[in-house]
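Work through the exercises below with the sequence and the model in view, and try each task before reading its solution.

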Amino acid sequence: MNDMMKTLVRTGPGTPTGNLLRRYWVPILLSSEIAEPDGPQVRVKILGEKLLAFRDTQGRPGLISEFCSHRGASLYFGRNEEGGVRCAYHGLKFDIHGKCVDVPQAPQACDKMGITAYPCVERAGMLWAYMGPPDQQPEPPGVEWANLPESHVFVSKRWQECNFLQAMEGGIDTSHVSFVHKFEVDDDPFHQGTKANEYIKKDGNVTFEIEKHDGGLTLFGKRMGEPDSFYWRVTQWIFPWYNLIPPFGDHALGGHVWVPIDDENCWAWSINFHPDKPLSAEERRHLEEGKGVHCAYEPGTNVPGGTFRPVQNKDNDYLIDRKAQKERRSFSGVFGFAAQDASLQESMGPIQDHSAEKLLPSDRAIVMARRMLWDATVGLAQGQQPPALSAQSQHVRAAGVLLPREQKPQEWAKVHLVYDKDEPVYSV
């Protein structure tokens with residue numbers, strides 16, 4: 001593996017890419033995981049750091065070091081009460097800011113016993129933290145779904161057992177949709193009855209045009225549409241870890257966030273949303289059943305106290321069904337869009353050997369995303385500001401659209417895919 005890839009897959013404290021990712025608001029956990037004031041605290045591992053999330057007596061969320069500054073005992077075994085977490089070992093107490101507010105044995109020592117804490121915001125039913133230098137804290141996230149009413153958004157997450165980069169690159173690579181998901185889209189409630197479904201299945205030879213902008217990359221995937229048009233599937237990669245995916249017909253838009261737990265595991269967040277209306281009761285029911293290509297919900301695992309590890313996992317070969325594969329009910333024999341993606345991305349190993357890969361023209365967006373991450377990592381080490389820190393740079397939307405064959409999709413996108421222009425959702 002070359003030096004660039006060795007650097008990009010390492011995100012722990014003090015690493016160059018870890019320093020970069022800490023300059024952004026990081027999705028940490030679902031708000032429902034710490035639903036109650038003074039409720040049970042939750043262990044959180046993000047970017048290689050072992051942390052603890054809790055909600056204090058006033059209902060404010062906090063994210064602090066898991067370990068007491070006195071003797072290093074885990075505060076997971078402490079008591080969340082009266083404005084802070086008290087260590088069960090010797091009774092030291094810490095508030096949401098990491099400040100030590102009580103040392104029973106030596107009250108005068110409080111000032112020197114503080115622990116690491118990160119500022120938090122809540123958006124779209126998620127807790128986000130800023131883990132970088134305090135004087136460089138950016139605006140809260142500007143992605144569209146994070147600023148909608150909760151009625152308009154469904155958020156789910158799953159634990160994926162591989163490096164965040166190879167998982168995220170699966171989200172950037174939209175050409176795989178014509179293969180691994182091919183036989184299930186007809187039955188999925190978020191794809192049924194749409195022309196886009198037909199175009200994707202009919203034309204697996206997608207070609208890409210890619211435009212770099214301040215916030216990331218816009219990917220224009222061209223497939224045959226009608227006799228006088230092309231079907232353009234316009235997806236977005238927003239720096240450093242967001243994907244936005246076009247809707248099918250009147251169904252919800254989709255998105256992902258890929259957040260490192262450590263170098264060999266990540267959180268795969270999935271988002272479904274309508275910008276202009278609440279999700280219907282039927283849509284929520286389908287999502288709670290785990291349906292939809294942009295859903296990571298799995299009943300029984302996505303609950304407070306659950307592991308968020310899917311029932312289909314590498315230990316059981318994702319419940320692969322060779323009979324269904326032979327009968328063309330599942331392209332790979334694995335059922336469920338999230339499980340299909342995870343099975344292939346995790347099959348590369350916890351950290352893919354990138355030196356062995358032989359990329360194709362359809363991988364150009366992956367190459368560009370890697371380069372953008374690398375340039376930002378190197379630039380930060382040289383004192384330059386990272387890209388896409390402003391909320392405005394994240395104000396883009398994905399779309400599916402039929403355009404006349406002579407029309408350039410880039411010019412169309414500049415007019416119609418900046419979501420704060422109050423444009424309608426474009427889908428086919």
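**Exercise 1: the area between the domains**

Find how much area domain 1 and domain 2 bury between them, and which residues of domain 1 lose the most.

Step one: domain 1 and domain 2 bury about 1400 Å² between them, with 69% of it on carbon and sulfur atoms, where buried area is the accessible area (1.4 Å probe) that two parts lose on being put together, summed over both. Step two: on the side of domain 1, L30, K45 and A124 lose the most area to domain 2, together 31% of what that side buries. This is a predicted model, in which local features need pLDDT of at least 70 and side-chain atom pairs count only at pLDDT 80 or more, while totals for chains, interfaces and linings use all residues. Residues are numbered from 1 along each chain as its sequence is written, and side-chain values use heavy atoms, with hydrogens and water left out.

**Exercise 2: bounds and contact**

State where the two domains lie in the sequence and how many residues each gives to the contact.

Step one: the domain assignment, which is automatic or from a database, gives 25-130 as domain 1 and 144-417 as domain 2. Step two: the contact (heavy atoms within 4.5 Å) takes 17 residues from domain 1 and 18 residues from domain 2.

**Exercise 3: charged pairs**

Count the salt bridges across the interface of domain 1 and domain 2.

Step one: the rule asks for a side-chain nitrogen of Lys or Arg within 4 Å of a carboxyl oxygen of Asp or Glu, and across this interface it finds two salt bridges. Step two: E33 forms a salt bridge with K157, and their closest N and O atoms are 3.0 Å apart.
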